[in-house]
Amino acid sequence: MNESNANTFLEQEKLGTLMRKYAVPCIISLLVAALYNIVDQIFIANADYLGSYGNAANGVVFPLTVVALAIAVMIGDGCCAYVSICLGARNRENAHRSIGSATLLCIISSVLLTIIYLAFQEPLLTAFGGRVNNETFVQAKEYFF
């Protein structure tokens, strides 16, 4: 399918068809991301040497993972919307530049977030409930790193 056919499809197709075609893969990707944590919890619970402390450590660290994911999705979704606007206005150069800028912003924000997480590891784990007991804190630190 060449570019003009793709743009015609997006311009002329019914909204419901477009929503099914593009929203369903997005929903599936979000479900897979949520499934990751569920499967993680199941494997941790079945490990004799981790048990409930391992599940508690996972519960402490998981919100920090969600923050990182939220930043990446925010940048990606914003870039995607801007690219769509640029392509609709037939401004391919701005669309290409925005993709490069979003990629660079993702790299910079991930490096900054990593620095923040490593510099403030113990206060972050404490804020998210890691100091319930010593064993949970030790395992949360290990899982976090």
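Here are four short exercises with worked solutions on a predicted model.

**Exercise 1. A pair within one helix**

Find the partner of Glu93 in a salt bridge, and work out how the two residues are placed along their helix.

*Solution.*
- Step 1: Look at the side chain of Glu93; it meets the side chain of Arg97 in a salt bridge, at 3.2 Å from N to O.
- Step 2: Compare that with the cut-off, which asks for a nitrogen of Lys or Arg within 4 Å of a carboxyl oxygen of Asp or Glu.
- Step 3: Now place the pair: both residues lie in helix H4 (residues 92-119), and because they are four residues apart, about one helical turn separates them.
- Step 4: Check the surroundings of Glu93, which has 56% relative accessibility and so counts as exposed.

**Exercise 2. A shared partner**

The structure holds three salt bridges. Show which residues are joined into one network by sharing partners.

*Solution.*
- Step 1: Start from Glu122, whose side chain meets that of Arg131 in a salt bridge of 3.3 Å, N to O.
- Step 2: Look for another bridge at Glu122: Lys141 forms one with it, and the closest N and O atoms are 3.1 Å apart.
- Step 3: See where this pair sits. Lys141 belongs to helix H6 (residues 134-144) and Glu122 to helix H5 (residues 121-127), so the bridge links distant parts of the chain, 19 residues apart.
- Step 4: Put the bridges together: through shared partners, Glu122, Arg131 and Lys141 form one network.

**Exercise 3. Buried or exposed?**

Sort Glu122, Arg131 and Lys141 by their relative accessibility.

*Solution.*
- Step 1: Recall the limits: under 20% is buried, over 50% is exposed, and values in between are partly exposed.
- Step 2: Glu122 has a relative accessible area of 34%, so it is partly exposed.
- Step 3: Arg131, at 47%, is partly exposed.
- Step 4: Lys141, at 28%, counts as partly exposed too.

**Exercise 4. Two helices side by side**

Describe how helix H2 (residues 15-46) packs against helix H3 (residues 51-88).

*Solution.*
- Step 1: Take the geometry: the axes are 8 Å apart and the angle is about 155 degrees.
- Step 2: Angles over 145 degrees count as roughly antiparallel, so H2 is roughly antiparallel to H3.
- Step 3: Add the handedness: the crossing of H2 and H3 is right-handed.
- Step 4: List who meets whom. From H2 come Asn37, Asp40, Gln41, Ile44 and Ala45, and they meet Gly51, Gly54, Asn55, Asn58, Gly59 and Phe62 in H3.
- Step 5: Sort this contact by class: it has three nonpolar, seven polar and one charged residues.

Key
Residues are numbered from 1 along each chain as its sequence is written. This is a predicted model: local features need pLDDT of at least 70, side-chain atom pairs count only at pLDDT 80 or more; totals for chains, interfaces and linings use all residues. Side-chain values use heavy atoms; hydrogens and water are left out. Buried means under 20% relative accessible area, exposed over 50%, partly exposed in between (1.4 Å probe, protein chains only). Axes are lines fitted to C-alpha atoms, for helices over the stretch in contact, and angles run from 0 to 180 degrees between N-to-C directions. Angles under 35 degrees count as roughly parallel, over 145 as roughly antiparallel, 65 to 115 as roughly perpendicular and the rest as oblique. A crossing is left-handed if the near helix is turned anticlockwise from the far one by less than a right angle, and right-handed if clockwise. Contact means heavy atoms within 4.5 Å. Ala, Val, Leu, Ile, Met, Phe, Trp, Tyr, Cys and Pro count as nonpolar, Asp, Glu, Lys and Arg as charged, and the others, Gly among them, as polar.
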